[in-house]
Amino acid sequence: MKLIFTAISIVIYFFGISQEICDNGMDDDGDGLVDLLDEECSCFIKRDIIPNPSFENLTPCNQNGSSVNDFNKVQNWEVSSTMAFIYSNICQPNTIHNSNFIPSVVAGQNYIYLSIFNGNTYANLIRYGALAASTCLSDTLFASHTYVLKIKGNHHYNQSYQLSPMSNPITIELFGKPTCTAGIPTNNQWFNNIDYLTNIDPNWSYLSSDTFSVAPNNWEQFNLVFTPTVDMTSISITGLTHAVSTTQDNGYNLFIDDLELFEILIPDTITVNTSGQFCTNDKLATGNINLSGGTWQWFKDSVALVGETNDSLDLNIYGPGDYSVIYTLNGECQSQNFEVLPDILPSAFNFTDNGCENIPILLDGATSIPANQNNVFVLNTYWQLNGSTIAFSEDTLYDFSTAGIYNLNYIVETNLGCTDTAAQTITIHPSPVVDLSINGNCLNEGTILADLTTIAGSSSIDSIHWQFGDNTFGNDSIENHNYNATGTYSVQLFAQSDQGCADSLVQTVFVNPNPLADFSIADTCVFQSINLNNNSNIASGTITSYEWDFGDNSNSNLFEPNHPFNQAGVYNVQLVAISDSACTDTSNLSLTIHPQPLSDFTFTSSCFNASFIDASNIASGSINDYAWDFGDMNTASIQNPNYIYTANGNYTVSLQTISDFGCVHDTSKNINIFNNFTADFVLSNSQICSGDCIQFSDSSTVHTSGTYTWAFSDGQTSNLKNPLVCFQNSGEIPLGIDVQYKVETHSGCVDSITYTNYIQVYPRPTAYFTYTPEDPSISNPYLVFQNQSTNAGSFTWNFGDNETSAVVSPSHVYPEIAKEYSVVLTAYDQSANCHDTYQTTISIADEILFFIPNAFSPNSGSINNTFQPEFTSGVDIYNFRMQLFNRWGEIVFETQDPSIGWDGQYQNQFVAQAAYVWKIDFTETMSDKKHTYSGYVTLVR
């Protein structure tokens, strides 16, 4: 039995999040390994004290050709055996004898190969022996410390050495020795006991072992846990079990590779107890250790169950699987793995067959418990139908009253509360619903017996059987049975479905005498009622009803009905006479319905003249007669008459046509007769400007609608009754337009009217002007306007400052202030009926105007006793500065107010007569532009 130890590494507590955090279910260090799958989370301290642990370093052996020591040796390892001739097989791993045994190597290219003999019979002796590999450790295994040696192992049956497959457990064993001396002595001793290694050297002590669970030729991970009782410096690995003896010839080859040694941090062992069942929702795992003050963490499949930090785990949340638990105390930890298996469940079996409705069927159940499950037994068994319990037994009879598909569950419950359900869908097939119909229960007629049996669902009727009551039988779904005498008969029908479900029905047949149906009828025209005579009779009894079928999807129950036909043709008229005993007889006659002619005509008229063209037709036969009525008391009998009316008016003309069989049809149409009307029109305006439109309106005398033609001398035309027409004149003088209007009625009457120069279209002027100067300012606000209008005779000017003018090209002086003005010119044509306007904006620009004196005489009493510039316009007084400097560059005066000048004083004393430099900075009012000026001023005394 293998013990697998995994846990959280204590390294995490010292090096921060760059290491794997072993209880959060994440790959914190990015190496693709999570929690216990990462070696950093081991509860072991790895001890790298095993030299050459993957057997990759080799040392040449003696090459003398002998069977011993003629290959490479694994450095730091010695292989000893009680049979020296086997030693050569492990001197160079993965070659010669062992090259066919193992398909791959775990780590690197090399491994150690050990042959194991357990109970081999040779020379009538049962002998035990094995190869063992040993090495000296680079450090000590301390007594009372717990270690785990991880080792990869593989095995194979060595048939070449007369070994049969070993039936006892195939093992890997670990031994230790306190002192590091030469390896296991090589000799040919055979021992009749299992503990051969301690017989060779009593200093070797058994430490641990484990058995293979994999098939031969497959590598398996072993974890050999041991606690030395004394300090040890050597280890030895072999495969012969020291715990089980055998007497049969057997053995195997052992392969080892990739050794790792770890020291377990907390030697106290965790025990995990499980209780409860999954099926009862009380499955619980509880961890126990002989320590206190530590913390717990649970894992499934080596990944942390975050938040599960109590000493118990509710397994119902996570289900069966491989679990681990870690106990951490003072930065060290211990772990334990355990497997949680599914519950022991009973097995329920349902062997119920399908059935028929209303027939009891056997619900057949069976039960079993897995073998070797002591103290587990079946407590209850019961049946559920569509979720409802119907019986508490293993087998029961149940009657399904309704066909259908049922969910049938056979449920088994153990004494531990676990259940199993054998679910089965069964089909209860429907039984036939037998029904039949009987028609024609009259003497000398075949009685129609029809099977009307139905069955629900997807089932079908497989077979039927008739008994007619006169010692005759039938099997068809429809039987036409002829009874030979009147009387009463019992008819029975049997039916069986394809699922074997059956039913039957009995009905009585009464055989009665038949009536005789007879009638006469005459041909007629369409839409006219027929004339018929009913001559039906019966030998005995009475005829109680009649059923007429006229062959045009209409019928009647009257004795002698009147019936018109809506379409011409040949019809089969049928009469069914029904007696008081429901016996019938049928009579049929052929009837011809002649077609009506279809009267129709067309006509044309011109003023009072009208021509009528016959367009009548008939489906069969011919039209022999025509009768015209022109609507004014006059008639005609020819096919295509011409007629002259005497007055205007609306007349109704009718035509009647008569066929060769005498069938008649009438039709009528309206005709309008108009004559002697006058065309005329009115218009909205006769004098317009170029581009304007005129509305023309028809004012002719009363007439019906017709066609309208307008023609204008500028080339425009229209066919509207009341058109809107626009006219253009691109010349310089008025344009006269001729108008012609013609009206033609649908009756062929025409009139027209023409007016010459009826419309005057005046040319429209174009207003436009320019002006100089193009950039007037407050110092030059005088402007001269140049009128460039065309087709104009008079003008009006508006200069935008409440001043106007009628001069063709005026001049105008604006106020000496900076401002914008909107100037509008209106130009009129010679008639003063048409005009045009042109508008533009003129800006009077501001200017910078100022004066700066070049001398002044302070305290002289004259007007030049201060130095001060004079600004007329264009200076922003809020952005102004003036400075005066003496010849040494000192500022003798400064101001930001243009209204304050220099009085010739500096530090309250008058300065000497001399020339001084002035500098002025300011911003203009027209924009944000900054100006700087400088110069000299002479102070005179």
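## A predicted chain built mainly from strands

The protein chain contains two helices and 74 strands. The model described here is a predicted one, and a look at its confidence is a good place to start. The pLDDT of the protein chain averages 82, and 87% of the residues score at least 70. Residues 1-17 have a pLDDT below 50, although this stretch makes 55 contacts in the model beyond near neighbours in sequence. Residues 182-194 also have a pLDDT below 50, and for this stretch the model shows 51 contacts beyond near neighbours in sequence. Where pLDDT is low, the predicted coordinates should not be read in detail.

Some overall values help to set the scene. The protein chain has 941 residues, of which 42% count as buried. The exposed surface of the protein chain comes to about 47,100 Å², with carbon and sulfur atoms supplying 47% of it. Contacts can also be sorted by distance along the sequence: among those between residues at least 6 apart, 63% join residues at least 24 apart.

Next comes the interior. In soluble globular proteins, nonpolar side chains tend to be buried together. The largest nonpolar core of this model has 32 residues, and Trp77, Leu141 and Ile256 are those with the most contacts inside it. At least two residues of this core come from each of the strands β5 (112-122), β6 (125-141), β7 (147-156), β8 (171-177), β10 (220-226), β11 (232-238) and β12 (250-264). The strand that gives the most to this core is β12, with five residues. Ile256 can be followed in the structure by its contacts: leaving aside neighbours within four places in sequence, Ile256 is in contact with Phe55, Tyr111, Ile112, Ala133, Ile151, Lys152, Ile172, Trp219 and Ile237. Another core, of 20 residues, lies apart from the largest one; Cys607, Phe696, Val725 and Phe727 are among its residues.

Two single residues give a closer view of how parts of the chain meet. Pro51 sits in the loop between β1 (44-46) and β2 (58-59). Not counting residues up to four places away in sequence, Pro51 touches Asn76, Trp77, Thr135, Cys136 and Leu137. One of these, Trp77, has already appeared among the residues with the most contacts inside the largest nonpolar core. Pro51 and Gln75 are 24 residues apart in sequence, and their C-alpha atoms are 8.4 Å apart in space.

Phe338 belongs to strand β19 (residues 332-340). Phe338 counts as buried because its relative accessible area is 12%, under the 20% cut-off. Beyond residues up to four places away in sequence, Phe338 touches Val272, Ala285, Trp298, Gly321, Asp322, Tyr323 and Ser324. The C-alpha atoms of Phe338 and Val325 are separated by 8.5 Å, and these two residues are 13 residues apart along the chain.

The pairing of strands can be traced through β40. Strand β40 (residues 543-549) is joined by six bridges to strand β42 (residues 569-579), and the two run antiparallel. Within this pair, Ser545 has Ile578 in β42 as its bridge partner. Strand β40 also pairs with strand β41 (residues 555-556) in the antiparallel sense, over two bridges. Here Asp549 has Asn555 in β41 as its bridge partner. Together β40 and β41 form a hairpin with five residues between them, and Gly551 in the turn has a positive phi of about 85°.

Two open sheets round off the picture. One has three strands in the order β59-β60-β63, with antiparallel pairing. Its edge strands are β59 (769-772) and β63 (811-813), each of which pairs on one side only. On average, neighbouring strands of this sheet are turned by 25° against each other, direction ignored. Four bridges join β59 to β60 (residues 782-787), and Tyr771 stands opposite Phe785 in β60.

The other open sheet has five strands in the order β67-β74-β73-β69-β70, and its pairing is mixed. The edge strands in this case are β67 (855-856) and β70 (891-895), each pairing on one side only. Strand β69 (residues 875-885) runs antiparallel to β70, and four bridges join the two. Phe885 stands opposite Ile891 in β70.

How values were computed
Residues numbered from 1 in each chain as written. Predicted model: local features only at pLDDT ≥ 70, side-chain atom pairs only at ≥ 80, totals over all residues. Heavy atoms only, no water. pLDDT = per-residue confidence, 0-100. Contact = heavy atoms within 4.5 Å. Core = buried A, V, L, I, M, F, W, Y, C linked by side-chain atoms within 4.5 Å. Buried < 20%, exposed > 50% of the residue type's maximum accessible area, 1.4 Å probe, protein only. Areas by Shrake-Rupley, 256 points an atom, 1.4 Å probe, with all protein chains shown as cover. Pairing = 2+ DSSP bridges. Axes fitted to C-alpha atoms, helices over the stretch in contact; angles between N-to-C directions.
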